[in-house]
Amino acid sequence: MKTIIFDLGGVIADLKTKEAFRAFAEKGLPVPPELYNSSGVLNGVPSEMPMLSMIHRMDLGEITGEQFLGMVQSQCRPGTTYEELLHAYNDLIEVPRHRLEMLCNLRKTHQVFLLSNIGDLHWEKFRDVCSESGITVDDCFDRMYLSYQLRMAKPDPRIFEHLIADSGIDPTEALYIDDFIDNIRAGEAAGLNTFHIEGNTLDERMEEIKLKAGHAKA
């Protein structure tokens, strides 16, 4: 393998989804009652609510992060500030420094790409986390393909076709890692080698990934 393509949320960045939705619920955002346990604690993640469709629109670049949080703010209790919501949303992702160092080390032996469904808010957050660690996104990746900039998102086949055409890689010499099985299937359909992991388990699977990619020290 010459190229390794990473997803961001749930792979490079740990997703604290329940905690994030709990923070929004505490600010009055309507959440389906069945997601609360008997003690009244939010114990699940909704599959259907207006906020999720807005996140998808933001990931597609149809609305900005500022517009997204403005819409969320209108559904929360009076007095909820934009800054509180920004903090809650950005706390959804957590990026350990050792993952950034791992990406930098992988670039010594492979091309390393990022392919992410992401909006401008979380991209800015990720860039800030990198900077605070003394590592830039350009240190981590040779190329970055972001849904909000491209106006298309996984598992849309077009985003994989664009990555392959734009970068000029041979997909048979690339390994694509994601935590969503629909995205993995779309990557396979585009001719990429794939590696599916459960969300937030990259550290436990990294040695397997290195072995599958080949030519990297496991």
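Here is a quick tour of this protein, from the overall make-up down to a few single residues. Keep in mind that the model is a predicted one. The protein has 218 residues, and 49% of them count as buried. Its secondary structure comes to 11 helices and 7 strands. Among the contacts with a separation of 6 or more, 65% link residues that sit 24 or more positions apart.

**The sheet**

- Start with the open sheet, which has 5 strands in the order β5-β4-β1-β6-β7, with parallel pairing.
- At the edges you'll find β5 (143–146) and β7 (193–196); each has a single partner strand, so one side of each has no neighbour in the sheet.
- If you compare neighbouring strands of this sheet, they are turned against each other by 20 degrees on average, ignoring direction.

**Strand β1 and its partners**

- β1 (3–6) runs parallel to β4, and 4 bridges join the two.
- Two residue pairs let you trace that match: Thr3 has Gln111 of β4 as its bridge partner, and Ile4 stands opposite Val112 of β4.
- β1 also runs parallel to β6, again with 4 bridges joining the pair.
- Look for Ile5 here, which stands opposite Tyr176 in β6.
- Which way do the residues of β1 point? Thr3 and Ile5 go one way, Ile4 and Phe6 go the other way, and all of them are buried.
- That fits a handy rule: side chains in a regular strand alternate between the two faces of the sheet.

**Strand β4**

- β4 covers residues 111–116 and pairs with β5 in the parallel sense over 4 bridges.
- For a spot to check by eye, find Leu114, which stands opposite Met144 in β5.
- Is β4 mostly covered or mostly open? It is mostly covered, with 5 of its 6 residues buried.

**Helices lying across the sheet**

- Helix α5 (residues 97–106) lies across β1 and β4, and runs at about 155 degrees to β1.
- Helix α10 lies across β6 and β7, and runs at about 170 degrees to β7.

**The largest pocket**

- Rolling a probe the size of a water molecule over the atoms shows where empty space is left.
- The largest pocket has a volume of about 910 Å³.
- It is lined by 30 residues, and the closest to its centre are Leu15, Ile55, Asp59, Asn117 and Phe180.
- Which elements give two or more residues to this lining? They are α1 (17–26), α2 (50–59) and α10 (181–189).
- The largest share of the lining comes from α2, with 4 residues.
- Sorted by chemistry, the lining of the largest pocket has 13 nonpolar, 11 polar and 6 charged residues.

**Pro171, a proline in a loop**

- Where does Pro171 sit? You'll find it in the loop between α9 (157–167) and β6.
- Pro171 has a relative accessible area of 16%, so it counts as buried, since the cut-off for buried is under 20%.
- Setting aside neighbours within four places in sequence, Pro171 is in contact with Ile164, Ala190, Gly191, Leu192 and Asn193.
- Pro171 and Gly187 are 16 residues apart in sequence, and their C-alpha atoms are 9.3 Å apart in space.

**The loop between α8 and α9**

- This loop, between α8 (147–150) and α9, holds Pro155.
- A cis peptide bond joins Lys154 and Pro155, with omega at about 5 degrees.
- Arg151 is found in the loop between α8 and α9 too.
- Arg151 is not a glycine, yet it has a positive phi of about 60 degrees.
- Is Arg151 buried or exposed? Its relative accessibility is 55%, so Arg151 counts as exposed, because the cut-off for exposed is over 50%.

**Asn200, another residue with a positive phi**

- Asn200 is in the loop between β7 and α11 (202–213).
- Its phi is near 65 degrees, a positive value in a residue other than glycine.
- With a relative accessible area of 31%, Asn200 is partly exposed, because that value falls between the cut-offs of 20% and 50%.

Key
Residues numbered from 1 in each chain as written. Predicted model: local features only at pLDDT ≥ 70, side-chain atom pairs only at ≥ 80, totals over all residues. Heavy atoms only, no water. 1 Å grid on protein atoms, 1.4 Å probe; cavity = no way out; pocket = protein on both sides within 12 Å on 5 of 7 lines; lining within 4 Å. Points joined across faces, edges and corners; volume = space filled by probe spheres on them. Nonpolar A, V, L, I, M, F, W, Y, C, P; charged D, E, K, R; others polar. Pairing = 2+ DSSP bridges. Axes fitted to C-alpha atoms, helices over the stretch in contact; angles between N-to-C directions. Contact = heavy atoms within 4.5 Å. Buried < 20%, exposed > 50% of the residue type's maximum accessible area, 1.4 Å probe, protein only.
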